Amino acid sequence: MATTSFTKKMLGLHTVKPDVPSPLGNGKPGFAKKLKLAPSKSKRKDIPEGLWTKCGKCGTMVFDKEWDENLKVCPYCQYHSPIGARERIHSLVETCTFEEMDAGMTSVDMLEFTGVASYKSKLEDYQKSTGLKDAVVTGICRMGEHRAGLGVMDFSFLGGSMGSVVGEKLTRLIERATEKELPLIIVSTSGGARMYEGMFSLMQMAKTCAALAYHAKARLPYISVLTHPTTAGVMASYASVGDLILAEPGAMIGFAGPRVIKDTTQAELPPGFQTAEFLLDRGLIDAIIPRKELKSRLIEYLGFLTVGRVRAPLPAPE
Amino acid sequence: MRHQLDFEKPIAELQAKLDELKKHPDTHSLGISFEEEVATIARKLEETKRQVFSNLTPWDKIKIARHPKRPFTLDYIQSAFTGFSELHGDRLFAEDRAIVGGFACLGPHKVIVIGTQKGRDTKENIMRNFGSAHPEGYRKALRLMKLADKFGLPIITLVDTAGAYPGIGAEERHIAEAIAVNLREMTLLEVPVIAAVIGEGGSGGALGIGVADRVLILENAYYSVISPEGCAAILWKDRAAAPKAAEALKITARHLLELGLVDEVIPEPLGGAHTDQETTIRALQQCLLKHLDALVRIPVAERLRQRYAKFRAFGHYHEEEAALAGNKSIQPQVKT
């Protein structure tokens with residue numbers, strides 16, 4: 001296992017020279033530089049890069065420092081802008097306690113998928129643009145007083161799609177958690193299975209759920225956190241089988257995409273369809289937790305779920 | 001001929017010629033006898049069939065897999081099994097007729113058989129929702145599987161669905177959760193489980209009843225993470241590119257066997273299952289029996305271990321040397 005502690009560079013917190021020259025100071029130091037958080041695809045329309053971020057929902061300009069301190073949640077409308085896996089981990093774990101697993105695992109184009117663009121070139125592009133190896137980061141961490149397995153997906157890598165690497169890394173994490181008798185937290189965000197890997201990607205659904213079956217059988221807690229968006233193959237596997245299912249406000253969560261549903265049924269979709277709030281009303285989600293409270297709530301839940309645990313685990317299969 | 005596939009045209013023409021000749025024996029060509037001409041055409045027909053069917057593209061096979069005259073789940077249940085006694089409902093919300101299930105006998109074995117069921121005509125298709133189940137279908141399937149597990153009955157599932165139903169009600173009642181729970185629970189079933197893809201193996205909707213000790217597939221069936229049309233729409237921005245997507249996704253029975261994703265391909269009669277239902281049903285029956293006979297002999301713990309290992313092994317990835325070396329030591333380095 002590779003042990004990783006966070007450095008500013010890994011988190012993308014190091015100073016990056018903006019692509020656009022600052023209109024304020026003609027590249028004068030101080031103004032032109034900004035602290036930029038990890039690779040993000042947040043849209044910044046018509047704004048000079050540097051000091052302000054425009055909320056993706058209400059359009060209010062938010063001072064970057066405040067935006068970052070608020071974990072990219074708009075302080076005015078509470079819109080939860082997507083954040084990357086590393087930022088999320090940083091926001092959840094105790095400093096320097098995240099021991100990353102399988103950091104060097106990368107996808108292989110075993111089908112030699114030839115679409116419009118080859119899978120191989122896609123992978124290279126995304127590795128370059130996101131600084132990630134694939135769409136999930138896994139490891140063992142400490143959260144409050146709890147040691148726990150933590151897997152966090154990143155939507156910016158190929159839409160958070162689940163291929164062999166996502167499936168394998170999560171399965172190893174789950175197996176490690178079972179072996180070490182640790183609770184497990186998976187923060188999901190995904191468009192679904194990665195079709196470039198064909199049936200291998202579908203099988204990751206069965207693989208991760210099989211590992212979770214033995215984790216559950218050992219009476220170890222698993223908390224699934226759904227963030228925007230979590231759909232399709234990921235929603236139809238590990239994301240849906242938590243002892244607790246939590247969600248971020250406003251997250252889009254579902255099985256089929258809204259366009260597919262509309263095309264198939266020719267019906268108007270109800271307001272708020274497939275949002276976290278909609279699904280809480282319909283009984284799927286235990287609680288909707290704002291991003292800034294997530295860590296404290298997870299610690300609180302783990303406190304309940306690890307009380308007086310009956311230890312009668314079956315030996316895990318090899 | 002209704003439901004004729006484009007590549008079946010030369011076969012159909014020869015067949016029509018042969019039928020015509022047999023109907024009017026005196027119309028045979030000059031110079032050769034009636035019997036000789038029949039034999040010649042029959043030989044040519046056989047050759048053409050062989051030629052056409054050995055050169056099918058993945059897209060052709062998908063057309064066969066979706067053929068409305070192909071045997072469906074209930075055809076197999078009625079002919080390959082005996083004494084089918086259907087059980088209904090998920091005990092939560094409704095009876096979903098897109099998935100059928102119940103008691104049946106397969107040879108000497110009393111089993112629970114479950115499968116997605118398509119309809120043959122519009123009326124039946126409306127009742128069966130075109131073989132696309134709602135959450136209730138998956139929850140009924142799980143209820144029956146738990147019943148089987150409790151009372152020691154092996155489980156056979158027959159998969160033939162374009163996918164789980166993408167509808168408003170399905171989302172409101174959490175179809176993703178229904179499938180996910182099945183994936184988890186099927187891992188722990190202590191009875192033997194065999195899944196056979198008999199037509200369409202459409203994504204999560206197929207896998208939702210597809211976690212098994214043995215996964216079998218008929219020669220012209222397919223099993224895919226996404227429909228070729230859906231994949232084409234996303235990657236090629238054009239549903240008409242489905243034949244290309246079908247090729248790229250490697251979803252035919254032969255491809256899946258080569259990739260190690262299925263355990264056995266069950267051959268269909270020349271011309272496809274839709275031209276000879278009886279032979280196809282016998283072939284599936286024999287294959288199911290063979291595997292079930294083998295599976296019941298394996299002790300429970302070993303069978304569970306094998307089932308886990310089977311799904312555990314799926315996937316291809318690359319690991320950096322350093323990471324590999326690091327992985328061997330479970331103890332993480334302690335940061336000071």
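A salt bridge is a side-chain nitrogen of Lys or Arg within 4 Å of a carboxyl oxygen of Asp or Glu. Keep that in mind for the first stop, and remember throughout that you are looking at a predicted model.

**Stop 1: a bridge between the chains**

Select A:E175 and B:R312. Their side chains meet in a salt bridge, with N and O 2.7 Å apart. How many salt bridges does the rule find across the interface of chain B and chain A? It finds five.

Now show the whole interface. On the chain A side, 70 residues take part in the contact, and chain B brings 57 residues. Between them, the two chains bury about 5,800 Å², and carbon and sulfur atoms carry 68% of that. To see where chain B loses the most area to chain A, pick B:E171, B:Y308 and B:R312: together they make up 12% of what that side buries. You've already met B:R312, as the partner of A:E175 in the salt bridge.

**Stop 2: chain A as a whole**

Hide chain B for a moment and colour chain A by secondary structure. You should be able to pick out ten helices and 13 strands. The chain has 318 residues, and 56% of them count as buried. Its accessible surface comes to about 13,100 Å², with 54% belonging to carbon and sulfur atoms. Take the contacts in chain A with a separation of 6 or more: 67% of them are between residues 24 or more positions apart.

**Stop 3: aromatic rings**

Bring chain B back. Over all chains, a search of the whole structure finds nine aromatic pairs. Start with A:Y119 and A:Y196: their ring centres are 5.0 Å apart and their planes are at 5 degrees, so this pair is stacked. Where in chain A do these two tyrosines sit? A:Y119 is in helix α4 (residues 119-130), while A:Y196 is in the loop between β9 (184-190) and α6 (198-217), so the pair ties together parts 77 residues apart in sequence.

Are they buried or exposed? A:Y119 is buried, at 0% relative accessibility, and A:Y196 is buried too, at 6%.

Next, select A:F273 and A:F278. Here the ring centres are 5.3 Å apart and the planes are at 80 degrees, so this pair is edge-to-face. A:F273 is buried because its relative accessibility is 10%, under the 20% cut-off. A:F278 counts as buried as well, at 6%.

Add A:R282 to your selection. Its charged end sits over the ring of A:F278, 3.7 Å from the centre. Chain B has an example as well: the charged end of B:R120 sits over the ring of B:F72, 4.0 Å from its centre.

One more group of rings: select A:F113, A:Y119, A:Y196 and B:W236. These four form one aromatic cluster.

**Stop 4: an alanine in chain B**

Finish at B:A65, which belongs to helix α3 (residues 58-65) of chain B. With a relative accessibility of 2%, B:A65 is buried. Which residues is B:A65 in contact with, leaving aside neighbours within four places in sequence? Select B:R70, B:K118, B:G199, B:E200, B:N220, B:A221 and B:Y222 to see them.

Last, draw a distance from the C-alpha of B:A65 to the C-alpha of B:G272. The viewer should give 8.9 Å, even though the two residues are 207 apart in sequence.

Technical notes. Residues are numbered from 1 along each chain as its sequence is written. Chains are lettered from A and ligands numbered from 1 in the order in which they are written. Side-chain values use heavy atoms; hydrogens and water are left out. Rings of Phe, Tyr and Trp (its six-membered ring) pair if their centres lie within 6.5 Å; planes under 30 degrees apart count as stacked, over 60 as edge-to-face and the rest as tilted. Helices (H or I, at least four residues) and strands (E, at least two) are DSSP runs, numbered from the N terminus. Buried means under 20% relative accessible area, exposed over 50%, partly exposed in between (1.4 Å probe, protein chains only). A charge sits over a ring if NZ of Lys or CZ of Arg is within 6 Å of the ring centre and within 35 degrees of the ring normal. Contact means heavy atoms within 4.5 Å. Accessible areas come from the Shrake-Rupley method with a 1.4 Å probe; for residues, only the protein chains shown count as cover. Buried area is the accessible area (1.4 Å probe) that two parts lose on being put together, summed over both.
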